[in-house]
Amino acid sequence: MTERLAPRPAPERTPGTVAFGDPGDTTSALAWSAPELTADRAWAALARTYAAEAAGRQRDYVKLLVNGELIRDPQCWPTTGADSASPASWLARQEKFGGDDDLFVYARTVQEHDRELFRVIVELLAPHAPRLGLPPGHVEAEVFYGAYRNTPGGIHREGCTNLHLVLAGRKSMHFWQGTDWVPEGTELREDVEPEDEVPEEYLPSLDRRSVLEHGHFLTATAGSGFFWRSGIWHVGETHEPSVALNIASYTRTLDVEAELLVPWQDRLHGEVPAPWLAGYRAHVSFTGSDAALLARLTALGMRPAPPDAPPAVPRSVRRVSTAPVVWSPAGPGRLTVAALGHAADFADGPVPRGWLEAALSNGAAANDVPQECGQLAQWLCAQQILEPMEA
């Protein structure tokens, strides 16, 4: 018989927070704190995203520009090796880049390549869903790194709301609203975001310095950043080498009043009412199963990183993540449970429902696992929502 071990002390893990102005504001400064969200972690996720592209698993998700010119030489790109584990060490190896060069490195959907980064982003965003609302399009995390006078492409706007978190360095974001300020005859380049074909517009030849009086700017360092809504013209500027994580929530329109869906209650947790789930399906134009829709909800619209391998069935667990967990009946005697972008079916009934609610409500306290809840507890541990209490 296996000896049962005493519960270990709860881990010293401080939940992340992000605070910004009224969501009705078109732009706002923000403050954030998340000990696990560092410049090196974001950089490692960027390097893994590039590795996935180099292996042919995705395409055109990363960019390296020097003085506005796209660089395709693979020898210039970061790798996941120890010699380029941080932006500073990578930059130190790039002898071909001069000190006065504009250097811009970018990667999108980085949350797919780092499970911890994905979890932290969900934990940061989930508390704001009731006041921000859920977007109709996809959500993705992007890493911006470099030292540049202007974001390549110049002043531009996209159909997405953004939370831009500065992780290192110092940078400014310049903002303009509407189009009355754009000088007559200015070149306008139209494009679309490749995943949902959301409209984008660029003013590539317009010098921001000539229109500064028509807008405003905010400056941020590590622990601060910017919020802006869809359709707001903007351009970034660094004052020293900078690393930032941007969370883009696509609205499928350049309208600053884009419709967002408010959740069914004041937090994303618990059983999802069937009428609300049907409304969410219509809102995001989703054609997959209800389980996949619940999974999308718990990822807040992001494509998630893969979960951990399932541990042994635990005898006791504690909650270690504040990420949303939701569920919905899946037919007679079955319950679909979703967390961090994944979903699975389990036996339904008073015991699993009662245990699930208790395990998710007791913070870091120990919760024994009834026999009929073993697979559910095992799955939630693989999602990093719960943690086994025994060695």
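Mentor: Strands in this model are DSSP runs of at least two residues, numbered from the N terminus. Glu197 sits in the loop between strand S10 (189-192) and strand S11 (199-203). The model is predicted.

Trainee: Why is Glu197 called exposed?

Mentor: Set the value against the cut-off. Exposed means over 50% relative accessible area. Glu197 has 60%, so the label holds.

Trainee: What makes the phi of Glu197 worth a note?

Mentor: The sign. Phi is near 55°, a positive value, and the residue is not glycine.

Trainee: Which value of phi does Leu300 take?

Mentor: Near 60°, again a positive value in a residue other than glycine. Leu300 comes just after H6. Its place is the loop between H6 and S17.

Trainee: Is Leu300 buried or exposed?

Mentor: Buried means under 20%. Leu300 has a relative accessible area of 6%, so it is buried.

Trainee: Which residues of H6 are buried?

Mentor: Leu293, Leu294, Ala295, Arg296, Leu297 and Thr298. An arginine is on that list.

Trainee: What do the buried residues of H6 pack against?

Mentor: Two helices and three strands. The helices are H3 (115-125) and H5 (274-284). The strands are S18 (325-329), S19 (334-339) and S20 (342-347).

Trainee: Move along the chain. Where does Pro310 lie?

Mentor: In the loop between helix H6 (290-298) and strand S17 (316-319).

Trainee: Why is Pro310 called exposed?

Mentor: The cut-off is over 50%. Pro310 has a relative accessible area of 59%, so it passes.

Trainee: Which residues is Pro310 in contact with, leaving aside neighbours within four places in sequence?

Mentor: Gln378 and Ala382. A contact needs heavy atoms within 4.5 Å, and both residues count as contacts of Pro310. Gln378 and Ala382 are among the buried residues of H8.

Trainee: How far apart are Pro310 and Gln384?

Mentor: They are 74 residues apart in sequence. In space the C-alpha to C-alpha distance is 10.0 Å. Gln384 comes just after H8 and takes a positive phi of about 70°.

Trainee: What makes helix H8 largely enclosed by the rest of the structure?

Mentor: Count the buried residues. H8 runs over residues 374-382, and 8 of its 9 residues are buried, so the rest of the structure largely encloses it. The buried ones are Gly374, Leu376, Ala377, Gln378, Trp379, Leu380, Cys381 and Ala382.

Trainee: How many disulfides does the whole structure hold?

Mentor: The search finds 0. A disulfide needs a pair of cysteine sulfur atoms within 2.5 Å, and no pair is found that meets this.

Trainee: Why are Cys76 and Cys160 called buried?

Mentor: The cut-off is under 20%. Cys76 has 2% relative accessibility, so it counts as buried. Cys160 has a relative accessible area of 2%, so the verdict is buried here too.

Trainee: Which residues does Gln94 contact, leaving aside those within four places in sequence?

Mentor: Gln75 and Cys76. Gln94 is in the loop between helix H2 (87-93) and strand S5 (103-107).

Trainee: Does a loop position leave Gln94 buried or exposed?

Mentor: Check the number, not the element. Gln94 has 6% relative accessibility, so it counts as buried.

Trainee: What about Phe144: buried or exposed?

Mentor: Phe144 is in strand S6 (residues 139-147). At 14%, it is under the 20% limit, so it counts as buried.

Trainee: Which residues does Phe144 touch, not counting those up to four places away?

Mentor: Phe104, Val105, Tyr106, His164, Lys171, Ser242, Val243, Ala244 and Asn246.

Trainee: Now the whole protein. Why does its radius of gyration agree with a compact globule?

Mentor: With 391 residues, the rule gives a value near 21 Å; the protein has 22 Å, so the two agree. The C-alpha trace spans about 75 × 45 × 35 Å along its principal axes.

Trainee: How many helices and strands does the protein have?

Mentor: 8 helices and 22 strands.

Trainee: What share of the residues is buried?

Mentor: 52% of the 391 residues.

Trainee: What share of contacts joins residues 24 or more positions apart?

Mentor: 78% of the contacts with a separation of 6 or more.

Trainee: How many side chains are positive and how many negative?

Mentor: 33 positive and 51 negative. The centres of the two sets lie 5 Å apart.

How values were computed:
Residues are numbered from 1 along each chain as its sequence is written. This is a predicted model: local features need pLDDT of at least 70, side-chain atom pairs count only at pLDDT 80 or more; totals for chains, interfaces and linings use all residues. Side-chain values use heavy atoms; hydrogens and water are left out. Helices (H or I, at least four residues) and strands (E, at least two) are DSSP runs, numbered from the N terminus. Buried means under 20% relative accessible area, exposed over 50%, partly exposed in between (1.4 Å probe, protein chains only). The radius of gyration is taken over C-alpha atoms; the globule rule is 2.2 Å times the number of residues to the power 0.38. Lys and Arg count as positive and Asp and Glu as negative; His and the chain ends are not counted. The place of a charge is taken as NZ of Lys, CZ of Arg, CG of Asp or CD of Glu.
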